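Let's take a friendly look at a protein model together. Keep the sequence and the 3D view side by side as you read.

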Amino acid sequence: MSDFNQQKYIQQYQKENYDRCIFNVPKGQKEIIRKHMQNKGYSSLSAYVYDLIKADMKA
């Protein structure tokens with residue numbers, strides 16, 4: 001049997017390659033934001049927020 005733990009591998013990869021940015025929004029806003037970002041063509045909230053931040057930093 002293999003000792004490979006995929007979950008642990010993914011967690012270690014993310015820890016080494018990504019910084020976490022956690023933010024809060026008022027109750028109910030997450031669903032509104034999710035629908036808006038999907039209408040914009042995004043499939044993940046992280047990608048949407050990251051693109052917004054990149055665009056703002058260029059301005």
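The report below covers a pocket, a surface patch, some charged pairs and one alanine. Please keep in mind that this is a predicted model.

## The largest pocket

Rolling a probe the size of a water molecule over the atoms shows where empty space is left. In this model, the largest pocket holds about 700 Å³ of space. It is lined by 15 residues, and the closest to its centre are Asp19, Arg20, Cys21, Ile22 and Ser46. Two elements, helix H2 (29-39) and H3, each give two or more residues to the lining.

Which element gives the most to the lining of the largest pocket? That is H3, with 5 residues. Sorted by character, the lining has 10 nonpolar residues, 2 polar and 3 charged.

## A nonpolar patch on the surface

Now turn to the outside of the model. Phe4, Tyr9, Ile10, Tyr13 and Tyr18 make a nonpolar surface patch of about 580 Å².

One member of the patch, phenylalanine 4, sits in the segment before helix H1 (6-17). Is phenylalanine 4 buried or exposed? Its relative accessible area is 55%, and the cut-off for exposed is over 50%, so phenylalanine 4 counts as exposed.

## Two salt bridges

Side chains of opposite charge can pair when their charged atoms come close. The model has 2 salt bridges.

One joins glutamate 31 and arginine 34, whose closest N and O atoms are 2.4 Å apart. These two residues are separated by about one helical turn, because they are 3 residues apart in helix H2. Glutamate 31 is partly exposed at 35% relative accessibility, and arginine 34 is partly exposed too, with a relative accessible area of 31%.

The other salt bridge links lysine 54 with aspartate 51, and here the closest N and O atoms are 3.8 Å apart. Both residues belong to helix H3, where they lie 3 residues apart, about one turn of the helix. Lysine 54 is partly exposed, at 37% relative accessibility. Aspartate 51 is also partly exposed, with a relative accessible area of 28%.

## Alanine 47 in helix H3

Let's finish with a single residue. Alanine 47 is found in helix H3, which runs over residues 45-58. Its relative accessible area is 31%; since partly exposed covers values between 20% and 50%, alanine 47 counts as partly exposed.

How many residues apart in sequence are alanine 47 and lysine 30? They are 17 residues apart in sequence, and 15 Å apart in space from C-alpha to C-alpha.

Terms used. Residues numbered from 1 in each chain as written. Predicted model: local features only at pLDDT ≥ 70, side-chain atom pairs only at ≥ 80, totals over all residues. Heavy atoms only, no water. Helix = DSSP H or I, 4+ residues; strand = E, 2+ residues; numbered from the N terminus. Buried < 20%, exposed > 50% of the residue type's maximum accessible area, 1.4 Å probe, protein only. 1 Å grid on protein atoms, 1.4 Å probe; cavity = no way out; pocket = protein on both sides within 12 Å on 5 of 7 lines; lining within 4 Å. Points joined across faces, edges and corners; volume = space filled by probe spheres on them. Nonpolar A, V, L, I, M, F, W, Y, C, P; charged D, E, K, R; others polar. Patch = residues over 30% accessible without salt bridge, like charges linked within 9 Å, V, L, I, M, F, W, Y side chains within 5 Å. Areas by Shrake-Rupley, 256 points an atom, 1.4 Å probe, with all protein chains shown as cover. Salt bridge = Lys/Arg side-chain N within 4 Å of Asp/Glu carboxyl O.
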